[in-house]
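Visitor: I should be grateful for a close look at a single part of this structure, with the terms explained as they arise.

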Amino acid sequence: MTRQRAWMRAAVLAAVLGAGGFALVSCTDEEPPKQAAPSASSEPVPVILPGKPGESAAVSDAGQVRAPDGSTYNTIDATFAQMMIAHHIQALQMAELAPSRAGNSQLKALAARMQAAQQPEIEYLRDWLADRGKPESDPSHDHSTMPGMQTEAALAALTGSSGADFDQRFVTMMSDHHRGALQMATDVLNGGTDRMLSEFANEMAVEQSAEINRMADLKI
């Protein structure tokens with residue numbers, strides 16, 4: 001990736017999420033400033049993640065763990081990978097309905113693009129977790145509370161619709177789902193320590209923000 005292209009991607013993400021006051025990581029080719037390695041006796045630094053309106057903030061242990069490849073990660077990174085897999089799986093469930101139910105041909109094409117992008121991302125996250133000896137899912141995570149997750153009732157209504165009704169439901173639900181993914185990406189960019197996962201989150205957020213704009217342009 002050229003520096004110009006990386007800067008443009010980071011600028012797009014900053015424009016989408018900057019209004020929320022979050023700090024972002026840009027994916028440049030420059031090496032980040034080197035920091036002193038924490039001593040074995042140092043205490044993990046707690047990271048406070050802002051909650052949704054009306055909810056309390058979450059505090060996560062930011063103590064770094066070294067992966068087999070020499071990189072470092074923390075609990076925020078691992079939680080992001082586990083929860084984003086489930087988040088992507090729901091998006092694929094919705095996108096897979098489009099070929100047989102959507103009335104708008106552009107929406108069908110966009111849904112196919114989402115499938116093509118998110119399935120490989122799921123595999124990347126699965127590999128990331130497996131390489132670190134982490135399970136794909138943590139039973140303590142309540143996936144229904146993740147930002148942007150759609151209810152079973154909403155999914156049933158989408159499945160039972162077709163034509164213009166499906167198109168409207170899909171755009172509303174998927175746009176909300178994507179905005180949830182942007183929030184989750186911001187959390188890991190703020191509190192994670194794995195550089196490659198931060199780059200993944202940044203790229204994913206740029207792509208999904210662009211898809212939100214494409215769905216809005218359909219004027220369904």
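**Helix α4 and its partner α6**

Guide: S175 counts as buried, because its relative accessibility is 8%, where buried means under 20% relative accessible area, exposed over 50% and partly exposed in between (1.4 Å probe, protein chains only). S175 lies in helix α6, residues 163–191. Apart from neighbours within four places in sequence, S175 touches F170, I212 and M215, a contact being heavy atoms within 4.5 Å.

The model is predicted: local features need pLDDT of at least 70, side-chain atom pairs count only at pLDDT 80 or more, and totals for chains, interfaces and linings use all residues. Residues are numbered from 1 along each chain as its sequence is written, and side-chain values use heavy atoms, with hydrogens and water left out.

The chain holds 7 helices and 4 strands, in the order α-β-β-β-β-α-α-α-α-α-α. Helices (H or I, at least four residues) and strands (E, at least two) are DSSP runs, numbered from the N terminus. Of the 220 residues, 40% count as buried.

Helix α4 covers residues 105–131. Its 27 residues, at 1.5 Å a residue, should span 39 Å, and the end C-alpha atoms are 40 Å apart, which agrees; the expected span is 1.5 Å times one less than the number of residues. At the start of α4, a side-chain oxygen of N104 comes to within 2.8 Å of the backbone nitrogen of Q106. This pair is a polar contact, that is, N or O atoms within 3.5 Å; within protein, one must be able to donate a hydrogen and the other to accept it, and residues adjacent in sequence count only if both atoms are side-chain atoms. Just after α4, G133 has a positive phi of about 70°.

The buried residues of α4 include L107, L110, A111, M114 and Q118. An α-helix has 3.6 residues a turn, so residues three or four places apart point the same way. The buried residues of α4 pack against β4 (72–73), α2 (75–95), α3 (98–101), α6 and α7 (195–217).

The pairing with α6 can be described further. The axes of α4 and α6 are 12 Å apart, at an angle of about 30°; axes are lines fitted to C-alpha atoms, for helices over the stretch in contact, and angles run from 0 to 180 degrees between N-to-C directions. On the α4 side, L107, A111, M114 and Q118 make the contact, and on the α6 side D167, F170, V171, M174 and H178 do so. F170 of α6 thus appears in this contact and also among the contacts of S175.
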